[in-house]
Amino acid sequence: MNTMNAGKVTLVGAGPGDADLLTLKAVKAIQAATVLLVDDLVSHDVVALAAPGTRVIHVGKRGGCKSTPQAFIEKLMVMAAREGENVVRLKGGDPLIFGRGGEEVEHLRSEGVAVEVNNGITAGLAAANALGVALTHREHAHGVLFVTGHARSGGEGPDWRALAAAARDARLTLVIYMGVGGAERIQRELLSALPASMPVAVVQRASLPDERQCITTLGDLHGTIAREQLASPAVIVIGDVVGGVAAAADAAAQARTA
Ligand code: SAH
């Protein structure tokens, strides 16, 4: 390989949707890209920052066709970098929080391709900010766990009972990604150690103009999602840190009915 011509791949965090939440580094990388590989949850406003003439390839499943197989995406990145392209892989939120960014970095390194990662604001943090909730408020929590609600195909999902016990015993806030589809099971298993009254918030499309927030309790999580028809992409936040906004929502509801 001619190293003079070697391109590189930058995994860029596109944030939760609002293009104003990109880092300056991300904007510069997008503008300098010659090839842009774009995931599903990346908003149009972010892709629009690319320079004219950039080859933009959408590789997500929401574009109408089935998701581009991961192996193909990885091959495409390696090929383009070897051809000397400046490849930017745009991923929703932070590239290394879920979404297979870690696998992509490993693959590129194993192929000897130069790879860099630019952070983005992950959906869990954007959701907390939208709610006005401090995930680690020291009166209520010692820390926060980011957990996937989705099991790898053929693989095991998280041990919800162990997580519930940890959240209770170690006072941890749970932030669940990809959890709306499996909410019934998540609710049932978390109730093994957490009370039904535990405050919960669901934030759909955080930071976007059509963002939605619902405040509920663990005992009514699945019911709320079904009634309100909440859907992906959404983040579920569970813990006493949600209590403040839950109380404010209750007061507002009471004022409306009074
Ligand atoms: N790397 C991404 C997460 C990819 S997994 C990140 O750091 O945010 C995809 C999941 O992220 C979705 O199923 C949803 O749970 C969450 N998500 C992504 N964008 C979101 C948004 N704008 N609002 C709420 N949840 C979002």
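The following questions and answers concern helix contacts, ligand contacts and backbone features in a predicted model.

Q: How are helix α3 and helix α4 oriented to each other?
A: Helix α3 spans residues 70–82 and helix α4 spans residues 101–110; their axes come within 10 Å and cross at roughly 45°. An angle under 35 degrees would count as roughly parallel, and one of 65 to 115 as roughly perpendicular. The crossing angle of roughly 45° fits neither class. The two helices, α3 and α4, are therefore oblique to each other.

Q: Which residues of α4 meet α3, and how do the residues of the contact divide by class?
A: From α3, the contact involves Gln70, Glu74, Met77 and Val78. Their partners in α4 are Glu103, Glu104, His107 and Leu108. By class, the residues of this contact of α3 with α4 are three nonpolar, two polar and three charged.

Q: What is the handedness of the crossing of α6 and α7?
A: The axes of α6 (residues 160–169) and α7 (residues 183–190) come within 8 Å and cross at roughly 55°. Helices α6 and α7 are therefore oblique to each other. Their crossing is right-handed.

Q: How many charged residues are there in the contact of α6 with α7?
A: Helix α6 contributes Trp160, Arg161 and Ala164, which meet Arg185, Ile186, Glu189 and Leu190 in α7. Of the residues in this contact of α6 with α7, four are nonpolar and none is polar, while the charged residues number three.

Q: Is α7 roughly parallel or roughly antiparallel to α8?
A: The axes of α7 and α8 come within 8 Å and cross at roughly 160°. Angles over 145 degrees count as roughly antiparallel. That crossing angle therefore makes α7, relative to α8, roughly antiparallel.

Q: Which residues of α8 make the contact with α7?
A: Helix α7 passes α8 in a right-handed crossing. On the side of α7, the contact is made by Ala183, Glu184 and Gln187. On the side of α8, the residues are Leu221, His222, Gly223 and Ile225.

Q: Which residues come nearest to the ligand?
A: There are 17 residues around the ligand. Of these, the nearest are Ile97, Thr122, Met178, Ala206 and Ala234.

Q: At what distance does a backbone N or O atom of Ile97 lie from a nitrogen atom of the ligand?
A: Backbone atoms of several residues lie beside polar atoms of the ligand: a backbone N or O atom of Gly92 is 2.9 Å from a nitrogen atom of the ligand, and one of Asp94 is 2.9 Å from an oxygen atom of the ligand. For Ile97, the corresponding distance to a nitrogen atom of the ligand is 2.7 Å.

Q: Is the peptide bond from Ser232 to Pro233 cis or trans?
A: Pro233 is located in the loop between α8 (221–228) and β10 (234–238). The omega angle of the bond from Ser232 to Pro233 is near 0°. This peptide bond is cis.

Q: What is the value of phi at Phe98?
A: Phe98 is found in the loop between β4 (86–91) and α4. Its phi is positive, although the residue is not glycine. The value of phi at Phe98 is near 50°.

Methods
Residues are numbered from 1 along each chain as its sequence is written. This is a predicted model: local features need pLDDT of at least 70, side-chain atom pairs count only at pLDDT 80 or more; totals for chains, interfaces and linings use all residues. Side-chain values use heavy atoms; hydrogens and water are left out. Axes are lines fitted to C-alpha atoms, for helices over the stretch in contact, and angles run from 0 to 180 degrees between N-to-C directions. Helices (H or I, at least four residues) and strands (E, at least two) are DSSP runs, numbered from the N terminus. Contact means heavy atoms within 4.5 Å. Ala, Val, Leu, Ile, Met, Phe, Trp, Tyr, Cys and Pro count as nonpolar, Asp, Glu, Lys and Arg as charged, and the others, Gly among them, as polar. A crossing is left-handed if the near helix is turned anticlockwise from the far one by less than a right angle, and right-handed if clockwise. A residue is near a molecule or strand if one of its heavy atoms lies within 4 Å of it. A polar contact is a pair of N or O atoms within 3.5 Å; within protein, one must be able to donate a hydrogen and the other to accept it, and residues adjacent in sequence count only if both atoms are side-chain atoms.
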